Structure formats: C-alpha cells, structure tokens
Amino acid sequence: MFLMNTAQRRKEVRVINALTQWIKDNRSEKQVTLMLSLLVGVCTGIAAFLLKTLVDEIKYLLTQGFDEAETNGLYLLYPAVGILLTSLFIKYVVRDDISHGVTKILYAISRKKARIKPHNRWSSVVASAITIGFGGSVGAEAPIVLTGSAFGSDFGKRFHLPPNTVMLLVGCGAAGAVAGIFKAPIAGLVFVLEVLMLDLNMASLLPLLVTCITSACVSYAFYGTESMFSFTSTSSSPSTSSPDVSFSECSADLYRCISQGQ
C-alpha cells in the first residue's frame, strides 16, 4: 500500500512538472506571471472562505445552546483550551514555528529571496481557526496574509521563476488574502504597497490587481455582494457644518502641511 502511494505521488509530480515545463516553453514570463497571479487570487479567496467558515463552525459548536443574556464560565475556559489545542497542533502536526504572518513575510523577502515554507498554505489557517473559534484574542488578517504569500511563493518555486518575480507573487498572495478576507480589492493593493513596500510599476501593478480582483470575486461568489461591515445613517440630511466635521477638516489641513514640511 505504501509503495502504491509512493508511486502515485511520483506520477503526480511528473505530470505537474511536465505541465509546468510546457507552460514555460509556450508562454513568456509576463504571461506566466499573470496566469499565476490569477491562480493565486483563486487560492487566496478559497482560503479566506475556509478560514471564515471554520471559525464560524467552531464558534457555533462551542456556543450552541448558550443564553447570551446570562453569564457563562465557559467563555473564560474556551480561549485557554483553544491556545492549548493550537500549541499541540503546531508541536505534533506542523512541527515548525508558524510565527507571526507579516513579520515572517518581511523576513522571507529580505533574507530568503521570498521563500516561504509550503506548510504555511494550510497550517496558519487551521491554527488561527482554532484559536479564533475558541475566543482567542487574535485576528484573521495576519494568518491569511501568510497563507496567501505561501501560495505565491510555492507557485513561483514550482515554475522556477527569478527571485524578483517570486517576490511579486508573494506580494500578490498577501494582497489577495486581504482582498478576500475583507472583500476589499483596493485595500489589498494598498496593504502590499505600504506594509511589504514592493516597488510599484506597470509590471507589478497588473498582477497585483488581477489577484485582488479575483480573490474578491471568489469571496463575492461564496458570501454574496453585501458589504462586510453594514451601517445605517441616523440622519437623513447630515450637516456639513457640524463641529466634528470642522475639526476633521482642520486636522487634515494641519497634517498635510506637516507632511509637506511647511
């Protein structure tokens, strides 16, 4: 049975390598980059959906039957249990340091030529889903960003692309992750430009936009077109001369002058 599984894996690897080589031989590097950016967008959108779904399902299973109007001591116990389960998962299943998402990406870009370990494609999603689902005080942004960047790095390595292109795909993964988890493609693009500080030019802008839009479309396909954070206006005709608006305008003018050195 083991020999059959090993032979099957080797056959799958040969097929993937042959397909990869055929694409590289028949397409230019820019075309391959755009194709991979689209694929990264699909993967990050699905990963964002899986993370949200796992968190919601764990939360539902743990709090099913609870009365929200009453105090329950399990709310204090669940986060500790979640941290314990996550620690056991990392120690015995992953057997590696997952670390903080954005920090690890920046380190990989600066020291490892954007090489991120393949297990980060799934380990960050599972670990963060357990922690968040049990009520841990963490967010979903950093884990999903690391997951998306791991997809970009893995695709770049499989197609033997140069380091600059792999770094671009890592940025595409991070941008697609933010776009997918928040359904905000422009936010994903701005996140990469500000946090990862990738160079913005026409060669890098198009793959980033393709990934962000694709990931957001995947999220729309799963969750619909409703905005993630809904709100209602309490006034039908808000006044533009209120003290809050005037203070905000004065603050904006002051900060603009400071930033321009005036």
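Helices (H or I, at least four residues) and strands (E, at least two) are DSSP runs, numbered from the N terminus. The structure is a predicted model, in which local features need pLDDT of at least 70 and side-chain atom pairs count only at pLDDT 80 or more, while totals for chains, interfaces and linings use all residues. Residues are numbered from 1 along each chain as its sequence is written, and side-chain values use heavy atoms, with hydrogens and water left out.

**Exercise 1. Locate A140 and describe its surroundings.**

Solution.
- Step 1. A140 is found in the loop between α5 and α6.
- Step 2. Buried means under 20% relative accessible area, exposed over 50%, and partly exposed in between (1.4 Å probe, protein chains only). With a relative accessibility of 24%, A140 counts as partly exposed.
- Step 3. Contact means heavy atoms within 4.5 Å. Leaving aside residues up to four places away in sequence, A140 touches L51 and I132.
- Step 4. From A140 to S124 the C-alpha to C-alpha distance is 9.6 Å, and the two are 16 residues apart in sequence.

**Exercise 2. Determine how many salt bridges a search of the whole structure finds, and describe the one formed by D96.**

Solution.
- Step 1. Side chains of opposite charge can pair when their charged atoms come close. A salt bridge is a side-chain nitrogen of Lys or Arg within 4 Å of a carboxyl oxygen of Asp or Glu.
- Step 2. The search of the whole structure yields three salt bridges.
- Step 3. In one of them, the side chain of D96 meets that of K117, at 2.9 Å from N to O. D96 lies in the loop between α3 (74–94) and α4 (101–111), and K117 in the loop between α4 and α5 (123–133), so this pair ties together parts that are 21 residues apart in sequence.
- Step 4. D96 is partly exposed, at 22% relative accessible area, and K117 is also partly exposed, at 40%.

**Exercise 3. Show which residues are linked with D154 in a network of salt bridges.**

Solution.
- Step 1. D154 forms a salt bridge with R121, with 3.2 Å between the closest N and O atoms. Because D154 lies in helix α6 (residues 141–158) and R121 in the loop between α4 and α5, the pair ties together parts that are 33 residues apart in sequence.
- Step 2. D154 forms a salt bridge with R158 as well, where the closest N and O atoms are 2.9 Å apart. R158 and D154 are four residues apart in helix α6, so about one helical turn separates them.
- Step 3. R121, D154 and R158 are thus linked in a network of salt bridges.
- Step 4. D154 is buried, at 7% relative accessible area, whereas R121 is partly exposed at 26% and R158 is partly exposed at 39%.

**Exercise 4. Describe how α3 and α5 cross and which residues meet.**

Solution.
- Step 1. Axes are lines fitted to C-alpha atoms, for helices over the stretch in contact, and angles run from 0 to 180 degrees between N-to-C directions. The axes of α3 and α5 cross at roughly 160 degrees and come within 8 Å.
- Step 2. Angles under 35 degrees count as roughly parallel, over 145 as roughly antiparallel, 65 to 115 as roughly perpendicular and the rest as oblique. The two helices α3 and α5 are therefore roughly antiparallel to each other.
- Step 3. From α3, the residues G82, L85, T86, F89 and V94 meet S123, V126, A127, I130 and T131 in α5.
- Step 4. Ala, Val, Leu, Ile, Met, Phe, Trp, Tyr, Cys and Pro count as nonpolar, Asp, Glu, Lys and Arg as charged, and the others, Gly among them, as polar. By class, the contact of α3 with α5 has six nonpolar, four polar and no charged residues.

**Exercise 5. Describe the packing of α8 with α9.**

Solution.
- Step 1. Helix α8 (185–196) and helix α9 (residues 202–223) pack at an angle of about 140 degrees, and their axes are 8 Å apart. This angle makes α8 oblique to α9.
- Step 2. P185, G188, L189 and V192 in α8 meet L205, L208, L209, C212, I213 and A216 in α9. By class, this contact has nine nonpolar, one polar and no charged residues.
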